[in-house]
Amino acid sequence: MAEKPVRILVTGAAGQIGYAIVPMIAKGIMLGPDQPVILHLLDIEPAAESLNGVKMELIDAAFPLLKGVVATTDVVEACEDVNIAVMIGGFPRKEGMERKDVMSKNVSIYKAQASALEEHAAAGCKVLVVANPANTNALILKEFAPSIPEKNITCLTRLDHNRALGQISERLNAHVSNVKNVIIWGNHSSTQYPDINHATVTTSSGEKPVRELVSDDHWLNTEFITTVQQRGAAIIRARKLSSALSAASAACDHIRDWVLGTPKGTWVSMGVYSDGSYGIQPGLFYSFPVRCEKGQWSIVQGLKIDEFSRAKMDATAKELIEEKSLAYSCLN
């Protein structure tokens, strides 16, 4: 184990997703079985005692890859020399709250954290925003950390991507590892568009298109889409808590593929800064199909988009444009 430890910041580390993700990172699920890590855990002052409990458990688990733990409520200390930042901390929407109230709380959180990351993180730090509204929080972070390249800021739609893979796998009774190249377009919200038009399943007689194997366009164009869009709410109804283990697992998948690369012939969904690809307005964080190589992502180009898809892709872009102007109005 000659590798130099990678410093990974997890904000909101005393929360549910934080508690689920830190053991995954310490076990090598995020960066592989040979990469030592040092965890930087940040949370707010009222969670300080709980955060310390998480640190105690990490020590008690005696993870061979874990070379150190910094647990703090000080954003500057938390950001010092970090190579990867997983931004889970945010202000959740509570009953009776307007979207604008939630947005304005998160704008101020992400503004402060952006400045700390920009000044104190290691050069080339990769940032993944998980806290909702994830796409717009990523945009605020980019605005207030202008020296962090836009290519190094992303938001999580891998959870939705994995949910889509899971639904197809269940429907076809195929192993999920044989299903690939679904796409999540747009916002990590209920307007996202889970697209299977380019997805395939490896069967005993080779790779087959998902649409051909499912052979039920009605299901694919209605129930499949709404199930993926509303899966988070369904889990809250079932658990009385939000999806933490699947979100943590997806965040590990996102970073692992970004750093170590996507398998040949496979793409994944990531919320990235739009360059105008597929007619999406530049300057939004929008989920696209991407391939990753040597620590860099690139949008998969040249996919055929039918009328049904176009309308869904534009609807979710419209929501992101509205969120962007709401966020900017909070700044002013």
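These legends describe close-up views of a predicted model, covering its two domains and the interface between them.

**View 1. The two domains of the chain.** Domain 1 runs over residues 6–155, and domain 2 over residues 157–327. Between the C-alpha centres of domain 1 and domain 2 the distance is 23 Å.

**View 2. The annotated C-terminal span.** An unreviewed UniProt entry lists residues 157–325 as "domain: Lactate/malate dehydrogenase C-terminal". Helix makes up 45% of residues 157–325 and strand 21%. The C-alpha atoms at the two ends of this span are 21 Å apart.

**View 3. The interface between domain 1 and domain 2.** Contacts join 32 residues of domain 1 to 38 residues of domain 2. About 3,000 Å² is buried between domain 1 and domain 2, and 69% of that area is on carbon and sulfur atoms. Polar contacts across this interface number 11 residue pairs, with both residues at pLDDT 80 or more. Salt bridges between domain 1 and domain 2 number zero.

**View 4. The side of domain 1 that touches domain 2.** Three helices and two strands each give two or more residues to this side. The helices are H1 (16–26), H4 (99–120) and H5 (134–144). The strands are S5 (126–129) and S6 (153–155). By residue class, the side of domain 1 that touches domain 2 has 20 nonpolar, six polar and six charged residues.

Notes. Residues numbered from 1 in each chain as written. Predicted model: local features only at pLDDT ≥ 70, side-chain atom pairs only at ≥ 80, totals over all residues. Heavy atoms only, no water. UniProt positions renumbered as here; feature names shortened; annotations may be inferred. Helix = DSSP H or I, 4+ residues; strand = E, 2+ residues; numbered from the N terminus. Domains from an automatic or database assignment. Contact = heavy atoms within 4.5 Å. Buried area = accessible area lost by both parts, 1.4 Å probe. Salt bridge = Lys/Arg side-chain N within 4 Å of Asp/Glu carboxyl O. Polar contact = N/O pair within 3.5 Å; in protein donor to acceptor, adjacent residues only side chain to side chain. Nonpolar A, V, L, I, M, F, W, Y, C, P; charged D, E, K, R; others polar.
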